[in-house]
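Here is a short briefing for a first look. Open the sequence and the 3D view side by side, then work through the topics below.

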Amino acid sequence: MNPTLKPSHPTYLIALVVVIGLITWAVVETAYVTLPLLPWTAVPTLLLLALGEAFTGWNVLRRIRRKPGTRPVEPLVVARMAALGKASAHAAAVLAGVFAGFALSLSDSLDKQTPRTDFFVSGGTFLAALVLVGTAFFLEYACRVPKGPDDEDHGPGASRA
């Protein structure tokens, strides 16, 4: 067994958002009146996480490419950052699906105060989750080792014997 960490696939994340969104939509359609108000605090939390990952990705990218004034980065740190980026992308996709389902379900009740408030909170949280997905992709990208002039493109699954 050869355990490797592969980059996140956008198609998988889009499918995750859609499936989770549909499940949430079905649940909210039947049980909205029993649910508590949505917390607005998820929006700044996700945006702060996105800011942290963007900053970390920028630093890792500069250090891997050995820009002037930077120290080399430890390989284990890069592996951990790549795992963080992948985990963040998947978790943010799930959150985006949940809040997209909420927004979709509440879009026909905008004439009432509480559903309208929840609609805007869920829409803002959905957008913040998408920003986090984007910065997680950037963090994953920043952790890639650039190809050197002696490296050949062997393609996926090719051996380097």
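Does Thr135 count as buried or exposed? At 13% relative accessibility, Thr135 counts as buried. The model is predicted. The protein chain has four helices and zero strands. The points below start with the whole chain, then go helix by helix and loop by loop.

**The chain as a whole**

- Read from the N terminus on, the elements run α-α-α-α.
- The protein chain holds 161 residues, and buried residues make up 30% of them.
- About 10,400 Å² of the protein chain is exposed. Carbon and sulfur atoms supply 68% of that area.
- Take the contacts in the protein chain with a separation of 6 or more: residues 24 or more positions apart account for 82% of them.

**Helix α1 and its surface patch**

- Helix α1 covers residues 10–31, and Val18 lies in it.
- Val18 is partly exposed, and its relative accessible area is 45%.
- Val18 joins Ile14 and Leu22 in a nonpolar surface patch. The patch measures about 280 Å².
- Val18 can belong to such a patch because its relative accessible area of 45% is over the 30% that patch residues need.

**Helix α2**

- Helix α2 spans residues 42–64, which makes 23 residues.
- From its first C-alpha to its last, α2 reaches 32 Å. That is close to the 33 Å expected at 1.5 Å a residue.
- Which residues of α2 are buried? They are Ala42, Leu46, Ala50, Glu53, Gly57, Val60, Leu61 and Ile64.
- These buried residues of α2 pack against α3 and α4.

**Helix α3: a look at Ser105**

- Helix α3 takes in residues 75–106, and Ser105 has its place there.
- Ser105 counts as buried, at 5% relative accessibility. The cut-off for buried is under 20%, so Ser105 falls within it.
- Which residues does Ser105 touch, not counting residues up to four places away in sequence? The answer is Trp25, Val28 and Glu29.
- With Glu29 there is also a polar contact: the side chains of Ser105 and Glu29 are joined at 2.9 Å.

**Helix α4: Thr135 and Gly123**

- Thr135 lies in helix α4, which runs over residues 113–142.
- Leaving aside neighbours within four places in sequence, Thr135 is in contact with Ala50, Glu53 and Ala54.
- Two of these partners, Ala50 and Glu53, are among the buried residues of α2.
- Gly123 is found in α4 as well. Gly123 counts as partly exposed, at 22% relative accessibility.
- The cut-off explains that label: buried means under 20%, so Gly123 at 22% is not buried.
- Gly123 and Ala103 are 20 residues apart in sequence. In space, they are 5.9 Å apart, C-alpha to C-alpha.

**The loop between α1 and α2: Pro39**

- Pro39 is found in the loop between α1 and α2.
- At 44% relative accessibility, Pro39 counts as partly exposed.
- How many residues apart in sequence are Pro39 and Val121? They are 82 residues apart, yet 7.4 Å apart in space, C-alpha to C-alpha.

**The loop between α2 and α3: Arg66**

- Arg66 lies in the loop between α2 and α3, and comes just after α2.
- Arg66 is not a glycine, but has a positive phi of about 55 degrees.
- Arg66 is exposed, with a relative accessible area of 61%. Exposed means over 50%, so Arg66 qualifies.

**The loop between α3 and α4: Ser109**

- Ser109 is found in the loop between α3 and α4.
- Is Ser109 buried or exposed? Ser109 is buried, with a relative accessible area of 16%.
- Pro115 and Arg116 are in contact with Ser109, leaving aside neighbours within four places in sequence.
- The side chain of Ser109 also makes a polar contact of 3.4 Å with the side chain of Asp108.
- Ser109 and Phe119 are ten residues apart in sequence and 8.8 Å apart in space, C-alpha to C-alpha.

Note on methods. Residues numbered from 1 in each chain as written. Predicted model: local features only at pLDDT ≥ 70, side-chain atom pairs only at ≥ 80, totals over all residues. Heavy atoms only, no water. Patch = residues over 30% accessible without salt bridge, like charges linked within 9 Å, V, L, I, M, F, W, Y side chains within 5 Å. Areas by Shrake-Rupley, 256 points an atom, 1.4 Å probe, with all protein chains shown as cover. Salt bridge = Lys/Arg side-chain N within 4 Å of Asp/Glu carboxyl O. Helix = DSSP H or I, 4+ residues; strand = E, 2+ residues; numbered from the N terminus. Buried < 20%, exposed > 50% of the residue type's maximum accessible area, 1.4 Å probe, protein only. Polar contact = N/O pair within 3.5 Å; in protein donor to acceptor, adjacent residues only side chain to side chain. Contact = heavy atoms within 4.5 Å. Expected span 1.5 Å × (residues − 1).
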